[in-house]
Amino acid sequence: MSMKKIVFTICLLLIFTNCHNKKSVSQKASDKDEQNHLQVENLQGNVKEFLLKQAYPLGDSQTEFQELKTSAYYIFNEAGNYNKMQFFNDFGKLDSHNVYRYNEAGLVAEFETKDFLENENTEIRELNTYNDENQLTHKKTFQNERVQYEVYMVYDTEKNIVESKIIHGTNVIFKTTENFLDDQDRVIKIIETSDKDNIKNIQSNVYDDSGNLIKHEANIGSLKFRNEFTYENGKRAEAKYYSIPLSGKVFLDRTTNYDANENITKVSNYENGVLKTVFNYEYEFDTQGNWIKKTTYINRNPELEEDFKLYLLETREITYW
């Protein structure tokens, strides 16, 4: 891999890391630190674990499905964060196994994932180190016990990353980050610059009067993206995702709609701004408000027809503490 590709890949990684800053791209700036993984998964109540199964339609049937097969298994700890996850392929064979380990402050100290392929098994392990203020200062990643990269981070008084050092083999990259805040101490712009290849990444955020993120833009090298969000009663109701190539023309890539509890009800996918596929979702819920049955319908030609066909059935067997 060329140095340019390595730099680009790692800059993407660091942008992902910056998304964990206290106030960078959260739905509500004040809610970010309070979110656990149950909230990320939009699960209600004290969920201990759930088993996800799925089945595709039986032939061209619009009412009958094949046998349900396990597709994922999630286990959470008592704090509502991931403990273990397993993912399975369409034949029910284990694809990957993920394990999270936490320190005394409840922060991820180690993450391990194993992928089980036909000819080769891959293990990736991440070790995290934090300072006295529970800020991630060092991430070390191994693949099959060989070090792949290390990242060192320095923060400002607002707990935002301002300096990073990335070590990838013999390559060392230094990155500086400028964080711009509004009068409510929310990050409205992040500028990242690297000492290699003159790469500059820029992120910007716009919030409504309630503190909800309504627009996020990111310039990553030569790529530019825009996400826009609307809300009803403080809950996300719609999300639109755009890509902006070098021509400057804005293309809508995807629109996602949500119900009052932020369950996805519709996803519309576009190519070069043209609507290509639409997915609709129907749910059945348990007494806690978590869905236990989800049926997906697809329209593969929405420009010419309105009919939706049966696409996928998913069920969740949820166990509570």
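**Exercise 1. The hairpin of E6 and E7**

Find which residue takes a positive phi in the hairpin of E6 and E7, then follow the pairing of these strands.

*Solution.* Start in the turn: with 5 residues between the strands E6 and E7, the hairpin has Asn134 at a positive phi near 60°. Strands here are DSSP runs of at least two residues, labelled E and numbered from the N terminus. Bear in mind that this is a predicted model, in which local features need pLDDT of at least 70, side-chain atom pairs count only at pLDDT 80 or more, and totals for chains, interfaces and linings use all residues. Residues are numbered from 1 along each chain as its sequence is written, and side-chain values use heavy atoms, with hydrogens and water left out.

Next, look at the ladder. E6 runs antiparallel to strand E7 (residues 136-143), and 7 bridges join them; two strands pair if DSSP finds at least two bridges between them. Ile124 has Gln143 in E7 as its bridge partner.

Now step to the other neighbour. Strand E6 (residues 121-130) is also antiparallel to E5, again through 7 bridges. Here Phe111 has Glu126 in E6 as its bridge partner.

**Exercise 2. Two more hairpins**

Trace the pairing of strand E13 with E12 and with E14, and locate the glycine with a positive phi in each turn.

*Solution.* Take E12 to begin with. Strand E12 (residues 200-207) pairs with strand E13 (residues 213-220) in the antiparallel sense, over 6 bridges. Tyr207 has Leu213 in E13 as its bridge partner. The hairpin has 5 residues between the strands, and Gly211 takes a positive phi near 90°.

Then move on to E14. Strand E14 (residues 223-232) runs antiparallel to E13, joined by 6 bridges, and His216 stands opposite Asn227 in E14. This hairpin has 2 residues between its strands, with Gly221 in the turn at a positive phi of about 60°.

Finish with a side-chain link. Gln203 lies in strand E12 and is buried, with a relative accessible area of 4%. Buried means under 20% relative accessible area, exposed over 50%, and partly exposed in between (1.4 Å probe, protein chains only). The side chains of Gln203 and His216 make a polar contact of 3.4 Å.

**Exercise 3. Classifying ring pairs**

How are the rings of Tyr74 and Tyr82 arranged, and how are those of Phe279 and Tyr311?

*Solution.* Begin with the count: the structure holds 13 aromatic pairs. The rings of Tyr74 and Tyr82 have centres 6.2 Å apart and planes at 50°, so this pair is tilted. The rule is that rings of Phe, Tyr and Trp (its six-membered ring) pair if their centres lie within 6.5 Å; planes under 30 degrees apart count as stacked, over 60 as edge-to-face and the rest as tilted. Both partners are buried: Tyr74 has a relative accessible area of 12%, and Tyr82 has 8%.

Now the other pair. Phe279 and Tyr311 are edge-to-face, at 5.3 Å centre to centre with 70° between the planes. Because Phe279 lies in strand E18 (residues 274-285) and Tyr311 in strand E20 (residues 309-320), the pair ties together parts that are 32 residues apart in sequence. Phe279 is buried at 14% relative accessibility, whereas Tyr311 is partly exposed at 27%.

Last, zoom out: ring pairs link Phe50, Tyr74, Phe76, Tyr82, Phe87, Tyr100 and Phe111 into a cluster.

**Exercise 4. The nonpolar core**

Which residues of the largest nonpolar core touch the most other members, and which elements give two or more residues to this core?

*Solution.* The core has 20 residues, and those touching the most other members are Leu43, Val47, Phe50, Tyr74, Phe76, Tyr82 and Tyr100. The elements giving two or more residues are strand E1 (47-55), strand E2 (69-76), strand E3 (82-88), strand E5 (108-116), E18 and strand E19 (291-299). A second, separate core of 8 residues includes Tyr149, Met153, Tyr155 and Ile173. A nonpolar core is a set of buried Ala, Val, Leu, Ile, Met, Phe, Trp, Tyr and Cys residues joined through side-chain atoms within 4.5 Å.

**Exercise 5. A glycine in a loop**

Where does Gly289 lie, and how far is Gly289 from Gly45 in space?

*Solution.* Gly289 lies in the loop between E18 and E19 and is partly exposed, with a relative accessible area of 30%. Gly289 and Gly45 are 244 residues apart in sequence, and their C-alpha atoms are 8.5 Å apart in space.

How values were computed:
Helices (H or I, at least four residues) and strands (E, at least two) are DSSP runs, numbered from the N terminus. A polar contact is a pair of N or O atoms within 3.5 Å; within protein, one must be able to donate a hydrogen and the other to accept it, and residues adjacent in sequence count only if both atoms are side-chain atoms.
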